[in-house]
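Here is a short briefing to read alongside the structure. Take a moment to turn the model around, and then follow the points below.

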Amino acid sequence: DDPGSSENVAKVLPPIDDCSEDYVTLTGVANGQVDVDFYKLSATDKAFCLVEADFEAQTAGTELCVYVRCKNSTIDAFKGCEHGVASTSDIGMKGCCAAAPGRAVPKWDCSGFTDNDSADFILRVRQPSTDLCLPYKVRYHF
């Protein structure tokens with residue numbers, strides 16, 4: 001059940017919306033520097049709920065990157081990083097990366113008649129500088 005090794009075959013996570021305040025915990029194993037794990041998350045901005053996205057890598061020795069794209073295909077919706085440093089994925093999605101323990105939280109603004117900030121995210125977890133078999137934890141909410 002190893003997650004996809006690239007963005008186009010990322011493991012699909014259950015969808016989430018901004019009405020839930022609960023964090024979801026994601027676990028996996030980074031087996032050395034060549035084992036890069038990708039996940040895809042669909043998040044919906046519902047009426048009368050507040051988007052408070054948070055993505056946190058909890059396992060030292062790993063790096064979390066979170067790339068964002070608006071569901072309505074807004075071009076250049078990425079507005080920087082609330083936490084982490086700006087990064088561009090291999091397929092051109094923009095987002096933020098952070099070494100663990102740390103948070104990678106992109107800021108974005110989707111255009112449209114309503115202020116709908118529903119988005120798709122690609123999460124990338126890897127070991128940038130060690131070559132261990134390292135179980136990891138990431139927690140997030142939208």
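The lining of the second largest pocket is a mix of 6 nonpolar, 2 polar and 3 charged residues. Keep in mind that you are looking at a predicted model. From this pocket we can move on to its bigger neighbour in the ranking, the largest pocket, and then to the strands and the whole fold.

**The second largest pocket**

- The space in the second largest pocket comes to about 160 Å³.
- Its lining is made up of 11 residues, and those closest to the centre are Val 68, Arg 69, Asp 76, Ala 77 and Lys 94.
- Which strand supplies the largest share of this lining? That is strand β6 (residues 63–70), which contributes 3 residues.

**The largest pocket**

- The largest pocket holds about 220 Å³ of space.
- You can count 14 residues around the largest pocket, with Leu 50, Val 51, Glu 52, Trp 108 and Asp 117 nearest its centre.
- Strand β11 (residues 105–108) gives the most to this lining, namely 4 residues.
- How do the lining residues of the largest pocket divide? There are 7 nonpolar and 7 charged residues, and no polar ones.
- A handy idea for both topics so far is that rolling a probe the size of a water molecule over the atoms shows where empty space is left.

**Strands and a sheet**

- The protein has 13 strands and 0 helices, so its pattern along the sequence is simply one β after another.- Four of the strands, in the order β3-β13-β5-β10, form an open sheet with antiparallel pairing.
- At the edges of this sheet lie β3 (24–31) and β10 (102–103), each of which pairs on one side only.
- Inside the sheet, strand β5 (residues 54–57) runs antiparallel to strand β13 (residues 133–141), and 4 bridges join the two.
- To find a matching pair in the viewer, look for Ala 57, which stands opposite Val 138 in β13.
- Strands of a sheet pair through backbone hydrogen bonds, either parallel or antiparallel.

**The whole protein**

- Along its principal axes, the C-alpha trace spans about 50 × 30 × 25 Å.
- Of the 142 residues in the protein, 46% are buried.
- Among contacts with a separation of 6 or more, 80% are between residues 24 or more positions apart.

Notes:
Residues numbered from 1 in each chain as written. Predicted model: local features only at pLDDT ≥ 70, side-chain atom pairs only at ≥ 80, totals over all residues. Heavy atoms only, no water. 1 Å grid on protein atoms, 1.4 Å probe; cavity = no way out; pocket = protein on both sides within 12 Å on 5 of 7 lines; lining within 4 Å. Points joined across faces, edges and corners; volume = space filled by probe spheres on them. Nonpolar A, V, L, I, M, F, W, Y, C, P; charged D, E, K, R; others polar. Pairing = 2+ DSSP bridges. Buried < 20%, exposed > 50% of the residue type's maximum accessible area, 1.4 Å probe, protein only. Contact = heavy atoms within 4.5 Å.
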